Amino acid sequence: MLRLQQVTKRFAEKRAVDGVTAVIPKGQLVGVIGRSGAGKSTLLRMINRLETISEGRILYDQADVGALGGRGLRAWRARCAMIFQQFNLVGRLDVLTNVLIGRSFNVPTGRSLLKLWSDADKAAALAALDRFDMAHLAAQRADTLSGGQQQRVAIARALVQEPDIILADEPVASLDPRNTRLVMDALQAINRDLGITVMCNLHSLDLAREYCDRLLGLVAGRLVLDEAPNALSNARARELYGLEAGDVVGDPEPLPAAAYVASTTHLSIAASGIPAQ
Ligand SMILES: Nc1ncnc2c1ncn2[C@@H]1O[C@H](COP(=O)(O)OP(=O)(O)OP(=O)(O)O)[C@@H](O)[C@H]1O
């Protein structure tokens, strides 16, 4: 179980994540939603410790994630795999080697640097690719694949870490609709079939509603919503997304008055060249 207790991230004076508290049981598929700059990436990056935690605590079972260092932190990053919008594959390497890089967390550094992968490592990597019908691409250079295929290779790489949790930071933001579905299906399949907890930052509310068990909504770093997808009304979503609501909520109802005021403030600040958040 992952526990976030008053988790806060400060960048100078700015609180990018502000006092977030949530308990995430094993096996949930959690969507983190909110407009651009709301703090979604920063929250995920703190869980993986790509960012330090300014205040509050993140606990996984009994371990204090914020206190981990050295080998303990490395082990945590293996259990808590991360997937990025831009896939982060090594383009000039073949697909199988890219997946094997995920094994680096589980083998001694020297062996992984020398690329001395065991037969068992290779079998695990091929099995992970096969799960997404991509074993036949194992020998191909990663940069010759489509974006959707590259993202599924990245998911296979995360899988061979044998993680408890996968943190996916806008995993479909660069993909066309067909590949978006393939990648979301892949994340849902590993969540359902393997019981891996998935936390996924999503800009599309439709996708979040369709795929997730639970939605966490952030506004200016604060957790303002924690509910089941079917409980989230379009009006509430508009409040969450402000100006961006037209991009994420289908029907054309006007913004509620409060969101309109927030939106025009945002606009005038934007016009002045001062960042709105
Ligand atoms: N390294 C950093 N230094 C300073 N400010 C940062 C840093 N990283 C993020 N921020 C700021 O923290 C806030 C939250 O950023 P974050 O990337 O977490 O938001 P987000 O919801 O993921 O946005 P997006 O959907 O655009 O990726 C933003 O105002 C951003 O500018």
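## A tour from the ligand shell outwards

Begin by selecting helix α1, residues 40–48, which contributes three residues to the shell around the ligand, the most that any element gives. Keep in mind throughout that this is a predicted model.

With the ligand still in view, select the residues surrounding it, which number 11, and among which Phe 11, Ala 16, Ser 36, Ser 41 and Thr 42 come nearest. Colouring this shell by residue class shows seven polar residues, three nonpolar ones and one charged one.

Return now to α1 and look at its surroundings: the helix is mostly covered, since eight of its nine residues are buried. To display the buried positions, select Lys 40, Ser 41, Thr 42, Leu 43, Leu 44, Met 46, Ile 47 and Asn 48. Just after the helix comes Arg 49, whose phi is positive, near 70°.

Next, zoom out to the whole chain, where 11 helices and 10 strands can be traced. Of its 277 residues, 39% count as buried, and among contacts with a separation of 6 or more, 65% join residues that are 24 or more positions apart.

From here, select helix α6 (residues 147–159) together with helix α7 (residues 177–194), which pack at an angle of about 15° with their axes 8 Å apart. Because an angle under 35 degrees counts as roughly parallel, α6 is described as roughly parallel to α7. Viewed along this packing, α6 passes α7 in a right-handed crossing. To see the contact itself, show Gly 147, Gly 148, Gln 151, Arg 152, Ile 155 and Leu 159 on α6, and Asn 179, Leu 182, Val 183, Ala 186, Leu 187 and Ile 190 on α7. Sorted by class, this contact of α6 with α7 comprises seven nonpolar, four polar and one charged residues.

Finish with two loop residues, taking the backbone of each in turn. Select Asp 61, which is found in the loop between β4 (55–60) and β5 (63–64); its phi is near 50°, a positive value in a residue other than glycine. Asp 61 has 9 other C-beta atoms within 10 Å and is therefore exposed, the cut-off for that class being 12 or fewer.

Then move to Glu 170, in the loop between β7 (165–169) and α7, where phi is again positive, near 50°, in a residue other than glycine. Glu 170 has 19 C-beta neighbours inside 10 Å and so counts as partly exposed, because a buried residue needs 20 or more.

Technical notes
Residues numbered from 1 in each chain as written. Predicted model: local features only at pLDDT ≥ 70, side-chain atom pairs only at ≥ 80, totals over all residues. Near = placed C-beta within 6 Å. Helix = DSSP H or I, 4+ residues; strand = E, 2+ residues; numbered from the N terminus. Nonpolar A, V, L, I, M, F, W, Y, C, P; charged D, E, K, R; others polar. Axes fitted to C-alpha atoms, helices over the stretch in contact; angles between N-to-C directions. Parallel < 35°, antiparallel > 145°, perpendicular 65-115°, else oblique. Left-handed = near helix turned anticlockwise from the far one by under 90°. Contact = placed C-beta atoms within 7 Å.
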